[in-house]
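Here is my note on the model, as numbered points. Please read it with the structure open.

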There are 2 protein chains.
Amino acid sequence: MILTTQTDATTLTDRVFETLCSAIVEGDIPAGSKISEPDLAKRLQISRASLREAIGRLEACNLVTRKPNVGARVVELNSAQLLEIYHVREALEGMAARLAAQHMTEQEIEELKALVTEHGHQIEQNEDHGHFQHVGDLDFHLLIVQGSHNSRLISLFQHDLYHLVRMYRHQFGLTSQRTKPALVEHYYIVDVIAAGDSEMAELMMRRHVRASRENLERMLSQNDNIE
Amino acid sequence: MILTTQTDATTLTDRVFETLCSAIVEGDIPAGSKISEPDLAKRLQISRASLREAIGRLEACNLVTRKPNVGARVVELNSAQLLEIYHVREALEGMAARLAAQHMTEQEIEELKALVTEHGHQIEQNEDHGHFQHVGDLDFHLLIVQGSHNSRLISLFQHDLYHLVRMYRHQFGLTSQRTKPALVEHYYIVDVIAAGDSEMAELMMRRHVRASRENLERMLSQNDNIE
DNA sequence: CCCCATAACATTGTCGACAATATTCTTGAC
DNA sequence: GTCAAGAATATTGTCGACAATGTTATGGGG
């Protein structure tokens, strides 16, 4: 593992945090594993103080859990918790869509349209073997959250949910099986937001997230039955 | 300022965090003021390392903001941000009420009923000059959030919203002017939750929070006009 | 008198070391 | 061979000091 230098993170702790965050999300540091401060500090060639601050932020992002005098472990992901997140997302992103319909600028809407169109092409050409699918989908949701222009909502989503969702997708390797229906829903949502219909935007976004969750529930119960 | 020893906070950083959290929420450390690490560390008789970790957690709770190489300041609260929080609360607590209607235990419901009843007595006797009003109201909302049995939702509410809401109330000294209508709404919400009607529970909770926000908007615009 | 450059100062970021707590290993009894 | 108690080890929590960056004070030129 090597520290990133390209980002605009000014302080060492920032860089360490970003490095560890990616490493955890992408599974380089496996879920459930213990984080040894001396070991990691040595490998990153930094002091424990900086590392500890970074770990503190990971904890704030719900990526690790800490026990006093024992240490930090990467969070264990189970299906129940994943579904919990989707309930929160349904509420939060529903409101985000509502606010986005009221507050998004012309330019933001254009970007959103471009993203969805691009995403559609990617799928039609079938060039997209799972990876861009997820990234594209998450980008869509992120853009709408940002379009709410509600700083608290944005920060909540980015700090407490975003990384976790990405982590789950990496770990479970969820190929959503409903990319096309999801894409269609994305198109509709963009239209409604562009039309400024906040009521309908919230309704549709909630339905969209709920459908994802229900799809997930089916897949997870299948897996559980196999085991 | 003195460090608390009564709580079960095991580590020094925990105690410092709790101390500072209360101090900020209750205005002992005024909003917008800078937090000097050397000064505070000296006054609390602790090292800067522990203090810095505590400040990190305050940042995670949105109680302070940090600029690299500059330091931490207690958050400035303005009306716009307060309203933003209420939008988030509407979404989050609406979902919480929905889930509470599905998952709350008999005992939890009894506690909730007791709280609301107690709150009603307090108001009728008019013993309640603003203070308990707020605490009681917030307790009500907290109980429902906890009743959702959704750990992510609970943690989101407690870590990112709860302290801020308390801080706003202290600072603005908001006497809500609609304690009685609010109480009636509380009664209804409890009934609906007890009946297990999740759909209606969400609807009513959202309406309740929205009414608070709209009431707030009126009061704030009044204040703004006076200035 | 005002403004800018430079120096003095203060504050934050980072580090290595010690103390307190947890974990592992050893040893002995049953 | 298994279990428990205690010693040895490792890890986390806390501390004080130095380096890097910001901020303020000083002084000279316009």
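Is A:C21 buried or exposed? A:C21 is buried, because its relative accessible area is 4%. Buried means under 20% relative accessible area, exposed over 50%, and partly exposed in between, with a 1.4 Å probe and protein chains only.

1. Ground rules. This is a predicted model, so local features need pLDDT of at least 70 and side-chain atom pairs count only at pLDDT 80 or more, while totals for chains, interfaces and linings use all residues. Residues are numbered from 1 along each chain as its sequence is written, chains are lettered from A and ligands numbered from 1 in the order in which they are written, and side-chain values use heavy atoms, with hydrogens and water left out.

2. Cysteines. The structure holds 0 disulfides over all chains. A disulfide here is a pair of cysteine sulfur atoms within 2.5 Å. A:C21 is in no disulfide, and the nearest cysteine sulfur, that of A:C61, is 5.8 Å away. In chain B, the closest cysteine sulfur to that of B:C61 is in B:C21, at 5.7 Å, which is too far for a bond. B:C61 counts as buried because its relative accessibility is 4%.

3. DNA strand C, surroundings. There are 20 residues around DNA strand C, and those that come nearest are A:T11, A:L12, B:K34, B:R48 and B:R52. A residue is near a molecule or strand if one of its heavy atoms lies within 4 Å of it. Of the strand C atoms within 4 Å of the protein, 71% belong to sugar or phosphate, and the rest belong to bases.

4. DNA strand C, phosphate contacts. A polar contact is a pair of N or O atoms within 3.5 Å; within protein, one must be able to donate a hydrogen and the other to accept it, and residues adjacent in sequence count only if both atoms are side-chain atoms. A:T11 places a polar side-chain atom 2.8 Å from a phosphate oxygen of DNA strand C. Backbone atoms take part too: a polar one of A:S47 is 3.0 Å from a phosphate oxygen of strand C, and a polar one of B:N69 is 3.2 Å from a phosphate oxygen of strand C.

5. DNA strand C, elements. Helices (H or I, at least four residues) and strands (E, at least two) are DSSP runs, numbered from the N terminus. At least two residues of the surface near DNA strand C come from each of α1 (12-25) and α3 (48-60) of chain A, and β1 (34-35), α2 (37-44) and α3 (48-60) of chain B. α3(A) gives the most, with 3 residues. By type, this surface has 8 nonpolar, 7 polar and 5 charged residues. Ala, Val, Leu, Ile, Met, Phe, Trp, Tyr, Cys and Pro count as nonpolar, Asp, Glu, Lys and Arg as charged, and the others, Gly among them, as polar.

6. DNA strand D. Here 19 residues surround the strand, and the closest are A:K34, A:R48, A:R52, B:T11 and B:L12. Sugar and phosphate account for 71% of the strand D atoms that come within 4 Å of the protein. A polar side-chain atom of B:T11 is 2.8 Å from a phosphate oxygen of strand D. A polar backbone atom of B:L12 lies 2.5 Å from a phosphate oxygen of strand D, and one of A:I35 lies 3.3 Å from a phosphate oxygen of that strand. The largest share of the surface near strand D, 3 residues, comes from α3(B). That surface divides into 7 nonpolar, 7 polar and 5 charged residues.

7. A:S50. This residue lies in helix α3 of chain A. A:S50 counts as buried because its relative accessibility is 16%. Leaving aside neighbours within four places in sequence, A:S50 is in contact (heavy atoms within 4.5 Å) with A:L12 and A:T13.

8. Positive phi. A:Q45 is not a glycine, yet its phi is positive, at about 60°. A:Q45 is found in the loop between α2 and α3 of chain A. A:Q45 counts as exposed because its relative accessibility is 71%. A:N62, also a residue other than glycine, has a positive phi near 65°. A:N62 sits in the loop between α3 and β2 (64-67) of chain A. At 14% relative accessibility, A:N62 counts as buried.

9. Core. The largest nonpolar core has 135 residues. Such a core is a set of buried Ala, Val, Leu, Ile, Met, Phe, Trp, Tyr and Cys residues joined through side-chain atoms within 4.5 Å. Those with the most contacts inside it are A:L92, A:F140, A:I144, B:L92, B:F140 and B:I144. Leaving aside neighbours within four places in sequence, B:L92 is in contact with A:V88, A:L92, A:L156, B:L153, B:L156 and B:L161.
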